[in-house]
Amino acid sequence: ALVFLIGVGVFAISAYERHKAGREDDLNIGFFRFLPPIFAALMLAFSLVFWKQALTAEVFALNVFSVSLLILIVLLFREKAVKFHRSRPSAPVSGNAGKQIGKNRRYVPRYIKLLYLFFFVFGLFLGNHHTLLLTVPGFLYFILFSVEDRSYLEIIRRNILKASLYFFIGFSVYLYLPVRASHNPSLNWGNPGTLKNFIRSL
């Protein structure tokens with residue numbers, strides 16, 4: 001239940017970030033700007049189906065947390081990317097960053113670090129439940145079409161392999177399966193101690 005409530009909290013922050021992104025020109029409305037994300041989080045928190053899953057020792061509470069966290073990361077990624085690419089045509093980037101962009105076309109903006117974090121967290125929580133794969137089309141669309149700028153897609157293309165490396169680092173949590181199976185535990189589903197059984201378990 002605690003993990004579920006944390007997931008609801010992260011969902012509320014994600015909903016606020018999405019609401020803020022949609023109302024960039026009207027953020028001076030005081031407390032009322034928090035009402036939509038609070039209402040959305042309460043709808044989730046008091047859902048009967050979610051509470052039933054939260055009170056059982058299953059994977060679904062952690063799944064709620066993982067999806068909420070991934071949504072938050074990708075929203076922050078979009079916000080940073082949009083700000084970066086909007087500022088480039090209007091004014092040159094100052095300081096060392098401007099020199100790097102001018103001299104080195106392979107300059108990596110800071111928002112790419114959020115992309116690395118997203119891939120790592122996705123790989124890590126894929127070890128909790130494989131239904132997380134159902135979110136891939138939505139996340140990919142959001143990442144690829146966040147910014148209408150050719151240079152943005154070029155930056156994504158150059159960094160996708162490194163981001164994939166972070167995914168496999170997170171996904172390596174599955175390597176715990178053969179390690180634990182080698183100690184003959186009382187619960188050993190699929191017996192992933194051998195390569196064949198390990199692949200079958202995956």
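A residue is called buried when its relative accessible area is under 20%, exposed when that area is over 50%, and partly exposed in between, as computed with a 1.4 Å probe on protein chains only. The structure described here is a predicted model, in which local features need a pLDDT of at least 70 and side-chain atom pairs count only at pLDDT 80 or more, whereas totals for chains, interfaces and linings use all residues. Residues are numbered from 1 along each chain as its sequence is written, and side-chain values use heavy atoms, with hydrogens and water left out.

Charged contacts were examined with a distance criterion, a salt bridge being a side-chain nitrogen of Lys or Arg within 4 Å of a carboxyl oxygen of Asp or Glu. The structure holds 3 such salt bridges. Helices, taken as DSSP runs of H or I with at least four residues, are numbered from the N terminus, as are strands, which are runs of E with at least two. One salt bridge joins E79 to K83, with 3.4 Å between the closest N and O atoms, and both residues belong to helix α4 (residues 60-90), where they stand 4 residues apart, or about one turn of the helix.

In helix α8 (residues 150-171), R157 and E154 lie 3 residues apart, again about one turn, and their side chains meet in a salt bridge with an N to O distance of 2.6 Å. E154 also forms a salt bridge with R158, for which the closest N and O atoms are 3.9 Å apart; these two residues of α8 are separated by 4 residues, about one turn of the helix. E154, R157 and R158 are thereby linked in a network of salt bridges. With respect to accessibility, R157 counts as exposed because its relative accessibility is 53%, while E154 is partly exposed at 31% and R158 is partly exposed at 23%.

Helix α6 (residues 112-126) contains 15 residues and reaches 21 Å from its first C-alpha to its last, close to the 21 Å expected at 1.5 Å a residue, where the expected span is 1.5 Å times one less than the number of residues. This helix is mostly covered, since 11 of its 15 residues are buried, and among them are F118, F119 and F122.

Aromatic contacts were identified from ring geometry: rings of Phe, Tyr and Trp (its six-membered ring) pair if their centres lie within 6.5 Å, and planes under 30 degrees apart count as stacked, over 60 as edge-to-face and the rest as tilted. A search of the whole structure finds 14 aromatic pairs. In one of these, F122 and F167 are tilted, with 6.3 Å from centre to centre and 35° between the planes. This pair links distant parts of the chain, as F122 lies in helix α6 and F167 in helix α8, 45 residues apart. Both partners are buried, F122 with a relative accessible area of 7% and F167 with one of 17%. The rings of F171 and Y174 have centres 4.9 Å apart and planes at 50°, so this pair is also tilted. F171 counts as partly exposed at 23% relative accessibility, whereas Y174 counts as buried at 17%. These four residues belong to one aromatic cluster, formed by F118, F119, F122, F139, F167, F168, F171 and Y174.
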